[in-house]
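Trainee: Before we discuss any terms, could you put the model up, so that each label can be set against the value behind it?

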Amino acid sequence: MLMRDDEILTRISALVTEEHDLRGKLTAGEVTSDEERSRIKELETALDQCWDLLRQRRARRSAGEDPDNAAARPVSEVENYRQ
């Protein structure tokens, strides 16, 4: 699925909001710590993929290439990056 930069940023914002909401639910006792940890891991993975895709698009644009040729990389590749 092709996503524009603004759509990726909107997705990132939604994921961060969900992460904050989830932490609040844990504090309120609405979810267990196991449920929170599991979902946080999923959210972090999705965030890593979104940020990677956004970086790819920006790099392509800076190089004079079509940013629409960027594609989300597999989780196994994105998760092995070092910050």
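Mentor: This is a predicted model, and a starting point is its surface: the protein exposes about 5,700 Å², of which carbon and sulfur atoms supply 49%.

Trainee: What makes up the secondary structure of the protein, and in what order do the elements run?

Mentor: The secondary structure comes to three helices and zero strands, and from the N terminus on the elements run α-α-α.

Trainee: Why is Asp5 called buried or exposed, whichever applies?

Mentor: Asp5, which lies in helix H1 (residues 5–27), has a relative accessible area of 16%, and because buried means under 20%, Asp5 counts as buried. The side chain of Asp5 is joined to that of Arg57 by a polar contact of 2.5 Å, a value that falls within the 3.5 Å allowed for such a pair. Leaving aside residues up to four places away in sequence, Asp5 touches Leu54, Arg57, Arg58 and Arg61.

Trainee: How do you know which class Thr17 belongs to?

Mentor: Thr17 is also found in helix H1, but its relative accessibility is 40%; since buried requires a value under 20% and exposed a value over 50%, Thr17 is therefore partly exposed. From C-alpha to C-alpha, Thr17 is 19 Å from Thr32 in space, with the two 15 residues apart in sequence.

Trainee: What is the span of H1, and which of its residues are buried?

Mentor: H1 has 23 residues and reaches 33 Å from its first C-alpha to its last, close to the 33 Å expected at 1.5 Å a residue. Its buried residues are Asp5, Ile8, Ile12, Leu15, Glu19 and Leu22, and what covers them includes H2. H1 is followed by Gly29, whose phi is positive, near 80 degrees.

Trainee: How does the span of H2 compare with what is expected?

Mentor: With 30 residues, H2 reaches 42 Å from its first C-alpha to its last, which is close to the expected 44 Å at 1.5 Å a residue. The buried residues of H2, among them Ile40, Leu43, Leu47 and Cys50, pack against H1 and helix H3 (75–78). Just after H2, Gly64 takes a positive phi of about 80 degrees.

Trainee: Which residues have the most contacts inside the largest nonpolar core?

Mentor: That core has 14 residues, and those with the most contacts inside it are Ile8, Ile12, Leu15, Leu22, Leu43 and Cys50. H1 and helix H2 (33–62) each supply at least two residues of the core, while the largest share, seven residues, comes from H2. Leu43 touches Leu15, Glu18, Glu19 and Leu22, not counting residues up to four places away in sequence. In soluble globular proteins, nonpolar side chains tend to be buried together.

Trainee: What is the radius of gyration of the protein, set against that of a compact globule?

Mentor: The protein has 15 Å, whereas a compact globule of 83 residues would have a radius of gyration near 12 Å. Taken along the principal axes, the C-alpha atoms fill a box of roughly 50 × 25 × 25 Å. Of the 83 residues, 28% count as buried.

Trainee: How much of the contact pattern joins residues at least 24 apart?

Mentor: Among contacts between residues at least 6 apart in sequence, 57% join residues at least 24 apart.

Technical notes
Residues numbered from 1 in each chain as written. Predicted model: local features only at pLDDT ≥ 70, side-chain atom pairs only at ≥ 80, totals over all residues. Heavy atoms only, no water. Helix = DSSP H or I, 4+ residues; strand = E, 2+ residues; numbered from the N terminus. Buried < 20%, exposed > 50% of the residue type's maximum accessible area, 1.4 Å probe, protein only. Polar contact = N/O pair within 3.5 Å; in protein donor to acceptor, adjacent residues only side chain to side chain. Contact = heavy atoms within 4.5 Å. Core = buried A, V, L, I, M, F, W, Y, C linked by side-chain atoms within 4.5 Å. Rg over C-alpha atoms; globule rule 2.2 N^0.38 Å. Areas by Shrake-Rupley, 256 points an atom, 1.4 Å probe, with all protein chains shown as cover. Expected span 1.5 Å × (residues − 1).
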